[in-house]
Amino acid sequence: MTDAIETPAEAPADEGRAPLRRLWFYARQHLPLLITGGTLAFLGGLIGLVQPIVAMDVIESLETGESLRNPLLILVAAVLVGGALEAFGPYLMQRTGQDIVLTVRRRLVGSLVRLTIAEVDRLKPGDLVSRLTSDTNLLRTVASTTVIGGTTAVFMLLGGIALMAWIDLVLFGTTMAMIVLVSIIMTLIMPRIRNATTASQAALGEMGSILERIFSAFRTVKASGAEDIEIGKLDVAAREARDKGVMVAVWEALAGVMAWLPVNVAFLIVLGVGGARVAAGTMTISSLIGFLLLLFYLMGPISSLVAALSQLQTGLAAIRRVETVADLAHEQPSNGASISANNGPALLSFDNVTFGYGPGLPQVHHGVSFEASGTGLTALVGPSGAGKTTVFSLIERFYPVTSGEVRVDGTRVEDWPLAALRGMIGYVEQDAPVLHGTLRENLLMAAPDATEAELAEIVKRARLTELVASLPDGLDSAIGYRGMTLSGGERQRVAIARALLRKPRLLLLDEATSQLDAANEAALKQTMLDAADRTNVIVVAHRLSTVTSANQIVVLDAGRVRAVGSHTELVATDELYRDLAASQLLTADSH
Ligand SMILES: Nc1ncnc2c1ncn2[C@@H]1O[C@H](COP(=O)(O)OP(=O)(O)OP(=O)(O)O)[C@@H](O)[C@H]1O
């Protein structure tokens, strides 16, 4: 079982302490509620003890003929208060558990959405989702069982032990030996519960990853007839989750019996040794009976403590999976600089930029330099894999450059506050992702404050008027998972409209490589040229009609800029461009 973030096997054995601190960090924030809930549950139990005592009183009153009024009133009050406490205590604990889960989830959501693109490139989204849903859910009962159950049990245990020592030191020594034995066994069993839980949760995460993989390419899976293969993979992960879940149950059961057994052995030894001491006159019979009763009494807190420790292991396993997300690389929202931007077209420059996607991966840019300023269209062209889309990723600061500088308005992108930098850029990706939801939600995503009038204007400019009119609820129509109810060309125009609504000072457009019909093609081109009249538009061009309309063309080849010029100039001077124009660009422009 592989885990994108870490495998349980990779976790060092002594890693348990940091998760414990983190678990405590979350529980601590809700301590007053936890203590109140625990106290109420405890008082509820105490009132339960009052009832038989008062009931005995009632029976005695029946015999003596005394008035039943007072004991009956006490009994009724005890029932009411006891019932209220019994209900309210556990309710409060459950609520606190939910509050803790909410705190953890909020932190995790903030963490997930701010991960760097480089981290998400290597992670499995399905597994991340399971960390947010399934792992956090494991923490619901942990806090109340472990914190309240565990601490109450420790106090009861210490009290019982102190009383034992007071009654008889020899028997106390025997009992303590057994308690030490239980402790040693527990230190061996507990990490196994934790590891089995981690493995079980990792398997659940794997199921999430497989499902996410299937749904993200659902048509391909079906068209390839790969349903059975994928079901098989899901089945393996489901079995793994089940098997490891059963292992958790096995170790927990073992922990239970291993706590029970030594205490019972202690009972027999105490009976034997104590009996002999009573016979020898070194111990009174009442002390022996008291000691044996205490031993029985201790069974309760010991099994509570074992349950609390088992639950703690589950919580530690969950918190480790949750917290690894917090430990991943996150985007820094702002570098603190305050930059006053104007509203005109942004000035973009690349100066000797080198870049690779990561250690061990080949360099993609080997010193890219070019400039684009003012309104107009700059087309980036080059063979597949030349590094054109990567240019956009560096402008958006999705990845840091290795050396050289990417500047917007003369300021390095690293020095811009991230929100301000991205706020002035409209980015249309090649596959023009559209999210599940309504058309309106999709358009307003990047500009939630846009007015109805602005929305209507953009719909017109992006040539979406006909589409909106044809949808049953217009802009409020749902457009399916990843916009699957739209055509490729419509998705492109929705993505462009979304980017334009942001009133970008720099529009980055990664042209689709797929063929579009003539009407869509013309609509897209017109929208792009409209935008270029108002702002600085950079387009990764795959169509000849786009490059021939461009004010300047930058030819990228194997991570270097090999030529810059107009279509006519480049056809005359650059061999690669001539080839591209004659083959790839021309082919894509065959309409
Ligand atoms: N996220 C990534 N992680 C690692 N390598 C990547 C990543 N994205 C792209 N690459 C690699 O970087 C190189 C340049 O990719 P890029 O997408 O910039 O090329 P491109 O010129 O836009 O190609 P195309 O015209 O086919 O879209 C390619 O070799 C690609 O495999």
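**Exercise 1.** Determine which strands helix 11 lies across, and at what angle to strand 1 it runs.

*Solution.* Helix 11 (residues 388–395) lies across strand 1, strand 2 and strand 4. Its direction is at about 110° to that of strand 1. Contact here requires C-beta atoms, placed from the backbone, within 7 Å; axes are lines fitted to C-alpha atoms, for helices over the stretch in contact, with angles from 0 to 180 degrees between N-to-C directions. Helices (H or I, at least four residues) and strands (E, at least two) are DSSP runs numbered from the N terminus.

The model is predicted: local features need pLDDT of at least 70 and side-chain atom pairs 80 or more, while totals for chains, interfaces and linings use all residues. Residues are numbered from 1 along each chain as its sequence is written.

**Exercise 2.** State the strand order of the open sheet and explain why one side of strand 2 and of strand 5 lacks a neighbour.

*Solution.* The order is 2-1-4-5, with antiparallel pairing. Strand 2 (363–372) and strand 5 (411–412) are at the edges with a single partner strand each, so one side of each has no neighbour in the sheet. Pairing requires at least two bridges found by DSSP. Strand 1 (residues 348–356) and strand 4 (residues 403–408) are joined by 5 bridges, and Asp351 faces Glu405 in strand 4.

**Exercise 3.** Describe the shell around the ligand by residue and by element.

*Solution.* The ligand is surrounded by 13 residues (C-beta atom, placed from the backbone, within 6 Å). The closest are Tyr357, Ser384, Lys388, Thr389 and Thr390. Helix 11 supplies the largest share, 3 residues.

Definitions and conventions:
Contact = placed C-beta atoms within 7 Å.
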